[in-house]
Amino acid sequence: MTDQIQTELAGGVLTVTLARPEKKNAITQAMYAVLAEATNRARTDDAVRVLVFKGQGDSFSAGNDIADFIALGSQGQQPAQMPVFDFLKALADLDKPAVAAVRGRAVGIGLTLLLHCDMVVVAEDALLSVPFINLALAPEAASSLLLPAVLGHQRAFELFALGEPIDGRTAVAWGLANRAVPADQVDATAAELAGKLAARAPNSIRKTKRLMRDAERLWALMQREGEAFGSQMSSPEAMEAFMAFSQKRAPDFSKAG
């Protein structure tokens, strides 16, 4: 599965590419394991000064691979037992700058990952959404703290509760991204910013990022979110949402309570 996550180190910049374009870069647990390894490498390898996340094809990421999640859930696995949690821990601990290059769809973890990036470049026509409640799930990746901190409670709650996307220009206006550019300029713009960061004093940047983030608080919240996510994943609500997703219909929560 490593061919679905590609890494390249050049000029102090470690570029991590989601390379599953035929599935809109939906992330499986096997892919999360490689993402965790790459993110930990970025933190511990002195040759890496900046980490860049990007997606291959026309989307950043469609989020979690739902079929993969359903299969693991049916085996009784809880989120905290899955490789996704290794990746979340790596994100919480990361004290080097991270940059994201976002084209097309950024769904679920495709958006919440951006909250752990220090600079975000989006395509003007990118569509970002967190449809956890649409799937009868709960927020993850410390997004229940970070998204309201960036957007304010009302905007964050609307994104969570309705699951409707915002475009790249709105993401910049709301403070979720630094630049909105034409789609064909996203990668180059992100690479330029990463190069500038790589040229800065590395220890100064790391200390600055540590002061701006509370890694222990983020990890503790990620674990609490994981418990809520796990309890929802096995709920009748989620079973209905997953069934509706696979059948390409709207879920019916009228009997939920």
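**Exercise 1. The second largest pocket**

Task: state how the lining residues of the second largest pocket divide into nonpolar, polar and charged.

Solution. The lining of the second largest pocket divides into 15 nonpolar, four polar and six charged residues. The classes are set as follows: Ala, Val, Leu, Ile, Met, Phe, Trp, Tyr, Cys and Pro are nonpolar, Asp, Glu, Lys and Arg are charged, and the others, Gly among them, are polar. The model is predicted: local features need pLDDT of at least 70 and side-chain atom pairs count only at pLDDT 80 or more, while totals for chains, interfaces and linings use all residues. Residues are numbered from 1 along each chain as its sequence is written, and side-chain values use heavy atoms, with hydrogens and water left out.

Next, take the volume: this pocket holds about 600 Å³ of space. On a 1 Å grid over the protein atoms alone, a pocket is an open set of points with protein on both sides within 12 Å along at least five of seven lines, a cavity is a set where a 1.4 Å probe fits but cannot get out, and lining residues have an atom within 4 Å of a point. Grid points are joined across faces, edges and corners, and the volume is the space filled by probe spheres set on the points.

Then locate the lining. It has 25 residues, and L115, C117, D118, M212 and R213 lie nearest the centre of the pocket. Elements giving two or more residues are β6 (119–123), α5 (143–151), α9 (202–212) and α10 (215–233). Here helices (H or I, at least four residues) and strands (E, at least two) are DSSP runs numbered from the N terminus. With four residues, α9 gives the most.

**Exercise 2. The largest pocket**

Task: describe the volume and lining of the largest pocket.

Solution. The volume is about 720 Å³. Of the 31 lining residues, A62, I66, V107, L135 and F245 are the closest to the centre. Two or more residues come from each of α2 (66–74), β5 (105–107) and α11 (236–247). By class, the lining has 18 nonpolar, six polar and seven charged residues.

**Exercise 3. Cavities**

Task: count the cavities of 30 Å³ or more and characterise each lining.

Solution. The count is two. The largest cavity has a volume of about 110 Å³. It is lined by 14 residues, with V84, F85, L88, E140 and F229 closest to its centre. Both α3 (83–93) and α10 give two or more residues to this lining, and α10 gives the most, with four. The classes are ten nonpolar, two polar and two charged.

The second largest cavity has about 40 Å³ of space. Its lining consists of L18, I27, L35, F60, S61, F87, I109, G110 and L113. Seven of these residues are nonpolar, two polar and none charged.

**Exercise 4. A sheet and a residue**

Task: give the strand order of the open three-stranded sheet, then place T17.

Solution. The order is β5-β7-β8, with mixed pairing. Strands pair if DSSP finds at least two bridges between them. The edge strands, β5 and β8 (166–167), each pair on one side only. β5 and β7 (residues 127–129) run parallel over three bridges; A106 has L128 in β7 as its bridge partner.

T17 belongs to strand β2 (residues 13–18). T17 is buried, with a relative accessible area of 12%; buried means under 20%, exposed over 50% and partly exposed in between (1.4 Å probe, protein chains only). Apart from neighbours within four places in sequence, T17 is in contact (heavy atoms within 4.5 Å) with Q4, I5, Q6, K54, G55 and Q56.
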